[in-house]
Structure formats: C-alpha cells, structure tokens
Amino acid sequence: MTQQQTQIRLAQRPDGLPDDSTWTISQGPVPSIEEGQVLVKVLYLSVDPAMRTWLYPGRSYIAPVEVGDVMRAGGVGKVVSSNNPRFAEGDHVVGMMGWQQYMAMDGRGLQKIDPKVAPLSWFLGVLGITGLTAYFGLLDVGEPKEGQTVLVSGAAGAVGSIVGQIAKIKGCRAVGVAGGPVKCQRLTEFFGYDAAIDYKGGDVRTQLKAACPDRVDVYFDNVGGPLLDTVLLRINQRARIVICGAISQYNDMRSMSGPNNYMQLLINRARMEGFVVFDYAQRYGEAIAQMAGWIQGGQLKHREHIVEGIENCPEALRMLFAGANQGKLIVQVG
C-alpha cells in the first residue's frame, strides 16, 4: 500500500486575510524519487509575513504560489532517501519546502545543517532566514554607526527583535515600535531595547519624539503604511531607511500606498532601500557564525512559538497577522 501524507494546497487566492476557503487539506502519496533527487521528511515549517505576498499573482522577487499548488514555506527536514550524491540518508537540511509532510526535490536550494550545533528549529529563526534578514538588512543596508539611533518597526516580531539586539551590539541606541504594553515591556526588559513605542497606546508622533530626542539615523521598517510616513518626519540628515517589509498592507496589496512624506528623503539627503535576503546567500555562513557567537556570549536572545501539527498551518498564518505569537512562529510537522 502506498504511504500517504497530508498536504495543504492553495484553493483560491484570498481577498484580505486568508481563511479556511483559501486552502484545501488533502491526503496524497509520499512521492518516489528519480535520479538526482532526494526525499525529505519535513520536520519544522517557518511562518513568515512574506508568505502572504506569495499568494498575490503580481510580479515580485519570487514567483507566486499557483492555485492548486502546495503552499510554499521554508522548512527544516531530514533526508530519508537519496539519489543525489550531495546528500545522504540521515542528513538534516534547511530550504524551501512546503505545507506537506514529505517533499521530493533535486536538492537545489537545500543546505545541510548540523543538529549538534543548535536545535533544528533555530535554523528557521535566529540562525535561519529570520536572523539573516535582520543581520544583512541592518548591517549592510542600514550601515549603523556607534552612537546612532536605530528605530525598528514590528520590533517584537522575529526579525525586529533581532535587529534591535544587533543594533545594541554595535553600540547604537535601539528604539522599537510594537503594539500593546506587554510587547513593549518585552522589548525593553527581555530584548534590551533602550525605549519602546506603543502604536496602540497614544499619539505615535509624540512618543517618537520622546523616544528619539536625537532623531532617527536608521529606520528598519517591517510595517510600512502610516508609521513610515510619521518616521520620515523624524529622520536625521543622511538617514538610511531599510525596507524589509510592509506587513500592515499585505492583506490588501491592490491598494498599497507609498509614503506621502517622501520629500523628507530629499531634504535630509537620506536614502530608502529595499533588500531581499536571498541576495546574500554566499555570505550566510559568515552571518550564522557571527550570530551563533553572539548567542553563546549571551548578547543575542530569541524566543520561539511552536504550533504542533501540519493541519494547523493555516491557523498559524492567521495567528501571525493577528500578532498573537510570542516569538518566531514555527509549525512542528512531526
């Protein structure tokens, strides 16, 4: 009898936040592999804001998920069968996988990882794309200098919480924007931010002025929307605005709006630059080694929020956009 697995496919493109009608959960056969392929048992799946953009059919840095396809997701897995000389049975790997329990692929994009170095789930968070995004976005694009003020939106999220800590390691003043007193308290007491701004707790512009008396030198933006407009009014000359994401607008990408206050870039001779972490693939090893050292030295902390069961992937994605997770959101497949 053919072994079966659970798969979650895109049933229709969502209008707004994905709901149950967006997905089809079904049983399918565990695939056999051809020459050059490996069969990977998926163990953990990453839940990321960018996944919402992959459901949109417009042009982007990566092809959209097509209706009928298994939902794309970064994952950690174990090679259970191999016809590829680069991988052996028992190897642990990280790469793009999907909302399924097994995946057959040619091995392109897979990287071997050592479970003796760190727990496997860490390679989706602080030692994975999440941590790499924070590292390269802040250091290579933001170019922080000692003594400067680094402001981070979505600061209590998986990427933002790491950005603020790297800023502190580099001798900067770190200010985070988050929603609600609990998250703001976590920023200062657990992640070591110098100050926190509660965008749900009063006039943001007034809070920003108080938290950033010397204005903002680097703004690491995960949110976009009105907050970006407000921050532009508070930037210093030669400021750097790092565009990592725009989670506030992902559920209605047909009417995304740009900043009204963009002329502040001219006035302050500042720059705004987007980046995609995949462009730094040749330097992943450098970043992972550096961050592993910071973790070992107690300079870099992180939190995980693990949801169990492949069938709970859709709910985990909704949880992410509701801000209900308490750390890097990961689904443990099995």
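## Strand β8 and the parallel sheet around it

In this predicted model, strand β8 (residues 149–152) is covered on both of its faces. T149 and L151 lie on one side, V150 and V152 lie on the other, and all of these residues are buried. In a regular strand, side chains point to the two faces of the sheet in alternation.

**The sheet**

Strand β8 belongs to an open sheet of 6 strands, whose order is β10-β9-β8-β11-β12-β13 and whose pairing is parallel. The edges are formed by β10 and β13 (271–274), each of which pairs on one side only. On average, neighbouring strands of this sheet are turned by 15° against each other, direction ignored.

The table lists three of the strand pairings, together with a pair of opposing residues for each.

| Strands | Sense | Bridges | Opposing residues |
|---|---|---|---|
| β8 (residues 149–152) and β9 (residues 173–178) | parallel | 4 bridges | V150 and A174 |
| β8 and β11 (residues 216–221) | parallel | 3 bridges | L151 and Y219 |
| β9 and β10 (residues 195–198) | parallel | 4 bridges | G176 and A196 |

A further bridge partner in β11 is F220, which pairs with V152.

**Helices on the sheet**

Helix α2 (residues 129–142) packs on the sheet and touches β8, β11, β12 (235–243) and β13. The direction of α2 makes about 145° with that of β11. Helix α5 (residues 204–211) also packs on the sheet, where its contacts are with β8, β9, β10 and β11. The direction of α5 makes about 175° with that of β10.

Two other helices take part in connections between strands. Helix α3 (residues 158–169) forms a right-handed β-α-β unit with β8 and β9. Helix α4 (residues 181–189) does so with β9 and β10, and this unit is likewise right-handed. Strand β9 thus has a place in both units.

**Strand β9 and A174**

Why is β9 described as largely enclosed by the rest of the structure? The description holds because 5 of the 6 residues of β9 are buried.

A174 is located in β9. The relative accessible area of A174 is 0%, so this residue counts as buried, the limit being under 20%. Leaving aside residues up to four places away in sequence, A174 touches V150, G164, A167, K168, Y193, D194 and A195. Among these contacts, V150 is also the bridge partner of A174, while G164, A167 and K168 are further residues that A174 touches. By way of contrast with these contacts, G68 is separated from A174 by 106 residues in sequence and by 44 Å in space, C-alpha to C-alpha.

Terms used:
Residues numbered from 1 in each chain as written. Predicted model: local features only at pLDDT ≥ 70, side-chain atom pairs only at ≥ 80, totals over all residues. Heavy atoms only, no water. Buried < 20%, exposed > 50% of the residue type's maximum accessible area, 1.4 Å probe, protein only. Pairing = 2+ DSSP bridges. Right-handed = clockwise from strand over helix to strand, strands pointing away. Contact = heavy atoms within 4.5 Å. Axes fitted to C-alpha atoms, helices over the stretch in contact; angles between N-to-C directions.
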